[in-house]
Amino acid sequence: MTKQSTYTAKLPEPDGTYLYTPEEDAVWGELYLRQMKLLADKACDEYLEGVRTLGLNPDHVPQLKDVNRRLAETTGFGVEGVPALIPPSRFYELLSQGKFPLATFMRRREHIDYIEEPDLFHEVFGHCPLLTNQSYANFVRRFGQKAVKLGKDYSWHLFRFFWFTVEFGLINTPKGRRCYGAGVVSSTSETRHAMETMDCEFRPFDLMSVLRTPYRIDIVQPIYYVIDSFAQLETIIEEDIPARINEAKRLGDFAPTFEAKAS
C-alpha cells in the first residue's frame, strides 16, 4: 500500500456529490454491461440481488451517498470515500465501524481491462452488492474489528483471509459453484479464469490452509477457496484467530503455485 498512485482521488461537492465526466460515465457503463452479461450464470444470487438493491445501472457512475443510503437501509453497513491507497490500519478501522472504504476515481479507458489499484468500479460494482447480505456484512464488520484489535503483527496473515474471501472467494450453491469475491466479479479475465477454465485449483475453505497460502496481486489466481454459505464466514471469524495465525506461522507457508514476480 506504499506504491504511488497514478490517479487522483475525487473530492465531493458540498452536498456530497462527486462530479464525473461523460467519458467516465461511458467507461462505467461499458464495464457494467460487459460484466453483468458475463455474470448472469456465474455470480451467486446474493451478489446479483445486491446489484439490483443498490440500483446500479449502466447510465452513469453511481454516487457514493446513494450507495451509502441503500446499504444503510438493508444491512446497516455504509461506505466512505478515500484516496486509492490507505494504510492497512485505516482500512481495518473503517471496516470495524461498518464502513467500506471506496476509492472515488474511475479508471481511464487505457486501463479498462485491468487496473492494479482499486478504482470506483472495482469498489462499488465489486464490493458493495454483497454488503446488502446481512451475514456477509456481519462478517466484514467483525473482520475489521478483529483486525483492529490484533494489530500489525497479525495483519499480513489476516489479509490472506480477506484475499481468499472478500476479494477472490467462490461459493457452492444449488446451481453449482459461483463467484462472489470483488476481484472476480469486477474483472472479465478473472471471471472467465475462475468460472470457465480448468487452469486453476478449487479448494474447500479451510482457515488454516488459507492462512498458509501465498498469493500475487498481479496475476489471475491459481487457487480459489470455496465456501458453502456466507453464514459459514460469520462462524469462522469468531474462531480464535490469533491462535490460528500463530499456528500458521509455526507451520509455515505452502509452496507458491506461481512464479515469483520479476524485480
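**View 1. Arg108 reaches over the ring of Tyr7.** In this predicted model, the charged end of Arg108 sits 4.0 Å from the centre of the Tyr7 ring.

**View 2. Lys249 lies over the face of Tyr154.** Here's another charge over a ring: look for Lys249 at 5.0 Å from the ring centre of Tyr154.

**View 3. Phe91 and Phe100 make an edge-to-face pair.** The count of aromatic pairs comes to 28, and this close-up picks out one of them, Phe91 with Phe100. Their ring centres are 6.2 Å apart, and the planes make an angle of 85°. Are these two residues buried or exposed? Both Phe91 and Phe100 are buried.

**View 4. Phe205 and Tyr225 pair up from separate parts of the chain.** This aromatic pair is edge-to-face, with 6.2 Å from centre to centre and 75° between the planes. Phe205 belongs to the loop between strand S5 (201-204) and helix H10 (207-211), while Tyr225 is in strand S6 (residues 223-227). That's why the pair ties together parts that are 20 residues apart in sequence. Phe205 has a relative accessibility of 10%, so it counts as buried, because the cut-off for buried is under 20%. Tyr225 has a relative accessible area of 0%, so Tyr225 is buried too.

**View 5. His193 is tucked into helix H9 as a buried residue.** You'll find His193 in helix H9, which covers residues 188-196. Its relative accessibility is 10%, so His193 counts as buried. Which residues does His193 contact, leaving aside neighbours within four places in sequence? They are Asp199, Cys200, Val220, Gln221 and Tyr224.

Methods
Residues numbered from 1 in each chain as written. Predicted model: local features only at pLDDT ≥ 70, side-chain atom pairs only at ≥ 80, totals over all residues. Heavy atoms only, no water. Helix = DSSP H or I, 4+ residues; strand = E, 2+ residues; numbered from the N terminus. Buried < 20%, exposed > 50% of the residue type's maximum accessible area, 1.4 Å probe, protein only. Contact = heavy atoms within 4.5 Å. Phe/Tyr/Trp six-rings, centres within 6.5 Å; stacked < 30°, edge-to-face > 60°. Lys NZ or Arg CZ within 6 Å of the ring centre and 35° of its normal.
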